[in-house]
Amino acid sequence: MAAAATMVSSAGGLLAMLNESHPVLKLHALSNLNKHVDYFWPEISTSVPIIESLYEDEEYDQRHLAALLASKVFYYLGELNDSLSYALGAGPLFDVSEDSDYVHTLLAKAIDEYASIKGKSSESNEAATVDHRLETIVERMLDKCIADGRYQQAMGMAIECRRLDKLEEAITRSDNVQGTLSYCINVSHSFVNRREYRHEVLRLLVKVYEKLSSPDYLSICQCLMFLDEPKGVSSILEKLLRSENKDDALMAFQIAFDLVENEHQAFLLKVRDHLPNPKLQDSVPVPADSAGPVSSQEGDPAVSDDVQMADENVASSTTIDPAEALYGERLGKIKGILSGETSIKLTLQFLYSHNKSDLLILKTIKQSVEMRNSVCHSATIYSNAIMHAGTTVDTFLRENLDWLSRASNWAKFSATAGLGVIHRGHLQQGRSLMAPYLPQGGAGGGGSPYSEGGALYALGLIHANHGENIKQFLRESLRNTDVEVIQHGACLGLGLAALGTADEDIYDDIKNVLYIDSAVAGEAAGISMGLLMVGTASEKAGEMLAYAHETQHEKIIRGLALGIALTVYGREEEADTLIEQMTRDQDPILRYGGMYALALAYSGTANNKAIRQLLHFAVSDVSDDVRRTAVLALGFVLYSEPEQTPRIVSLLSESYNPHVRYGAALAVGISCAGTGLSDAISLLEPLTSDVVDFVRQGALIAMAMVMVQVSEASDARVGAFRKQLEKIILDKHEDTMSKMGAILASGILDAGGRNVTIRLLSRTKHDKITAIVGLAVFSQFWYWYPLIYFVSLAFSPTAFIGLNYDLKVPKFEFVSQAKPSLFEYPKPTTVPTAASAVKLPAAVLSTSAKAKARASKKEADQKVLAEKTSGAESSSGGKGKSPSDEKDGDSMQVDAPAEKKSEPEPTYEILTNPARVVPAQEKYIRFKDESRYVPVKSAASGFVLLRDLRPSEPEVLSLTDAPSTSASSAPTGATTGQQNTSTSAAAAANDEPQPPQPFEYTS
């Protein structure tokens, strides 16, 4: 009988029981209906009003069960909101640990509901009124995740629901706190959209980090940098520097290098200034031999002055505290690192010694460009500067002085400024290098104003983001001139040198130039104000906007529009009112600035709201300029997720409007720069043969940005692209615009002697301010070619540079576990031989073909015999061969390489510090187990401090100061310059074949 009762075929009988007055019958009906609701919900749904009335009856003791039943019925009816509200009414009967679709769906709904309520309340700054039952369910869910050991899930929910208390609990209770913390940092950067809330999360993380027994100082300092708290960083650095343990000092240096990589000049200078000097009552016991050389190497006058004073104190005092002496020595080193000078000097030496640029490419470009075409002439100069950025090698310019001298006016300005890119980071000799071109004292100066302006711009490029020592000189040059070309150069130079420092005096100097209302100087002044105030979101933006409305000059409005955009860099929602104001302006140039403001304020956030706004303007604005810029701006918003960009702009890249197609190309170029992403290349390929010349130009430049440091072995399309560039450059009938694009692309592809890539994110996932600002201003070259040089700010060396405690580069080997051909330098180009004229196929008779085949077989047999005998000979007496014999025997040894080729390529490669390590190669880098040096943190590129496991043995250093000193003597006379550059020229020439024999051409 009981068994039969369980076989229910209809819920009608149970539903009838709900109308009974006896509570036991009601309970029986409810509990059975609850069991069978999955099958009978269509039938039960007709009686929902009765079930609801049971729940609403305060007197009824089983009302929770009625609520649960109603919730399940509504769930099956698809009414999730009603279902959730009844589930909340069910109280403890709603079991969060139950593994059913119903529970999972409602929990997701509950968490979404809770998160959206908390989110809205924080945005409107009002206290949230959350249903306490909803809160209880979410808390139960979080507790369950933590109890089950699913910490990442708990942290994700806690961050989304803004429950920082639960977040802290999940982190502290997890079994691997360090790992959990680093996961949490990534989550907060990737998924937390609002800047203020992200800061709250990071503050909590710093608090948790500090409680750990052995805190991860690297991560703490990165968090503090996001929070803009220089004092916290300097107190950690001081603690590490004062430690007895040498490893702690190494860690302090490593932190400093990691912070420098994020390129936030103003923050680094604050950290440096907060570091206390050694205690003075004992005098500063800096022994002349320890800190003296460090600071003088660093070339920072401020530091070296401190040290001189210290030395005098040492002389006058008697007591010397050894601990303070040690601290003083370490302080000198870390100040050198924080000012950026140590890393710049090492980078300069690396780029100089590893320079692999191919002068033959430039030679080909130069020969194929018509002299009358000034655009291509200038493009060649830009290309040379980019190709040799930071290498100090100016061989090409020295060898082609008469060709260079044909540049006039603004082309002359650009040619001079190009030296700044080539010598970028040459801080000590920057001023003396440019001395011949700089404005001389006294009135007028005598030189061409164009080369003087270019030289001031060059000084800014040399000292970009590290302008402590040059700012004053540039300010004086700006004040002492009323020639607009020189003002233009001085403004750009000052903006670069004082990037992001928000220096009021410099701002006033530049503002005075702006108010002269000269179109040429005003444009540079507008951009320069933005560079100076980058990311400060100061009220100065209001002043700039007001002046943009007053002035009549389009150039000035455009300069100011970009300047205003730069001031809101990285401010996210704080910038919304200004963006709204600019994007609604009637002047298309200011709307265009609004696009840049959107791009820079939300740069790297992949924020949906910003993407939606940009896409809206890309298809609806009446001005082509605004549409082009809106699409281009997507590249800046999305560079943290490069795989997304090609997908988002793929439809725009097929737009009927060429401006939109151009924007799509550059957006992909900017966000996928240096990634070699296959989708990006596929999207750009059709655009490189577009019908409109400027679209081809944009696509070629973007393609070069994507392919920088990608070898032919990893993507065959790289080789095809190089051939395409050569074809465009050599084609006499190609449009000037696309020819210019091809010439610039050749430069970007081999940038920095083939040792730099374009990186917008540092290795710690921090935005590199200088790089982003550089690309933003570079994309303005549409209007003003000299701004092309800003691309050099985005270059970062693809190098692993290991440093010891003395910040010198010791020799040690590590392994790249990939085939060497995958990441090797491109092969040097060769001079096309005279025999490369296209021959028509000759008719071959079948009989002669057979005879030839027989002859070649005979020849091959003889060769094999000869090889066997020569092999025996060479093993006995081959070692004593003179080099001249080898050269004479060249023609005989043709087969030797073929024999070598049959050997399989090794699967790994031994690299020696400092080494070129391209981004794609980083995952293959391994350190040897028996190595003398161990890195302080596991990093496969960048500046890495090494712990010496055998400190008693003598060290062998690899990078010496030789290149930079010989390079620095370049400006004193052409002869020394030739010595300086001849080494790299020789290196390039060694790989090239001899020129062909002279011949007479007969038709």
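In this predicted model, helix H10 (residues 164-173) packs against helix H11 (residues 177-191) at an angle of about 140°, and their axes are 8 Å apart. That angle makes H10 oblique to H11, because only angles over 145 degrees count as roughly antiparallel. If you would like to find the contact on screen, look on the H10 side for Leu167, Ile171 and Thr172, which meet Val177, Thr180, Leu181 and Cys184 of H11. By character, the residues of this contact divide into 5 nonpolar and 2 polar, with no charged ones.

Just ahead of this pair sits a backbone feature that deserves a look. Arginine 162, in the loop between helix H9 (151-160) and H10, has a positive phi of about 55° although it is not a glycine. Arginine 754 also has a positive phi, of about 65°, and is not a glycine either; its place is in helix H44 (residues 751-754). For context, most residues other than glycine have a negative phi, and most peptide bonds are trans. The second half of that rule has an exception here too: asparagine 913 and proline 914 are joined by a cis peptide bond, with omega about -5°. Proline 914 lies in the loop between strand E5 and strand E6 (915-916).

Strand E5 leads us to a small sheet. Three strands form an open sheet in the order E5-E4-E7, and their pairing is antiparallel. Strand E5 (909-912) and strand E7 (925-927) are at the edges with a single partner strand each, so one side of each has no neighbour in the sheet. On average, neighbouring strands here are turned by 40° against each other, direction ignored. In general, strands of a sheet pair through backbone hydrogen bonds, either parallel or antiparallel.

Strand E4 (residues 813-816) pairs with E7 over 3 bridges, while 4 bridges join E4 to E5. Some of the bridge partners can be listed residue by residue:

| Residue | Partner | Partner strand |
|---|---|---|
| phenylalanine 814 | phenylalanine 927 | E7 |
| valine 815 | arginine 926 | E7 |
| valine 815 | isoleucine 910 | E5 |

Valine 815 thus appears twice, standing opposite arginine 926 in E7 and having isoleucine 910 as its bridge partner in E5.

Now for the spaces inside. Rolling a probe the size of a water molecule over the atoms shows where empty space is left. How many cavities of 30 Å³ or more does the structure hold? There are 6 of them, and the largest cavity contains about 640 Å³ of space. It is lined by 35 residues, and the closest to its centre are Glu263, Thr347, Phe795, Ser796 and Pro797.

Which elements give two or more residues to the lining of the largest cavity? Two are helices, H15 (246-261) and H20 (341-353), and the others are strands: E2 (795-797), E3 (799-803) and E9 (942-948). The lining of the largest cavity is a mixture in chemical character, with 15 nonpolar, 13 polar and 7 charged residues. Charged residues therefore occur in this lining, whereas the contact of H10 with H11 has no charged residues, as counted by the usual set of Asp, Glu, Lys and Arg.

Notes: Residues are numbered from 1 along each chain as its sequence is written. This is a predicted model: local features need pLDDT of at least 70, side-chain atom pairs count only at pLDDT 80 or more; totals for chains, interfaces and linings use all residues. Side-chain values use heavy atoms; hydrogens and water are left out. Two strands pair if DSSP finds at least two bridges between them. Axes are lines fitted to C-alpha atoms, for helices over the stretch in contact, and angles run from 0 to 180 degrees between N-to-C directions. Angles under 35 degrees count as roughly parallel, over 145 as roughly antiparallel, 65 to 115 as roughly perpendicular and the rest as oblique. Contact means heavy atoms within 4.5 Å. On a 1 Å grid over the protein atoms alone, a cavity is a set of points where a 1.4 Å probe fits but cannot get out, and a pocket is an open set with protein on both sides within 12 Å along at least five of seven lines; lining residues have an atom within 4 Å of a point. Grid points are joined across faces, edges and corners, and a volume is the space filled by probe spheres set on the points.
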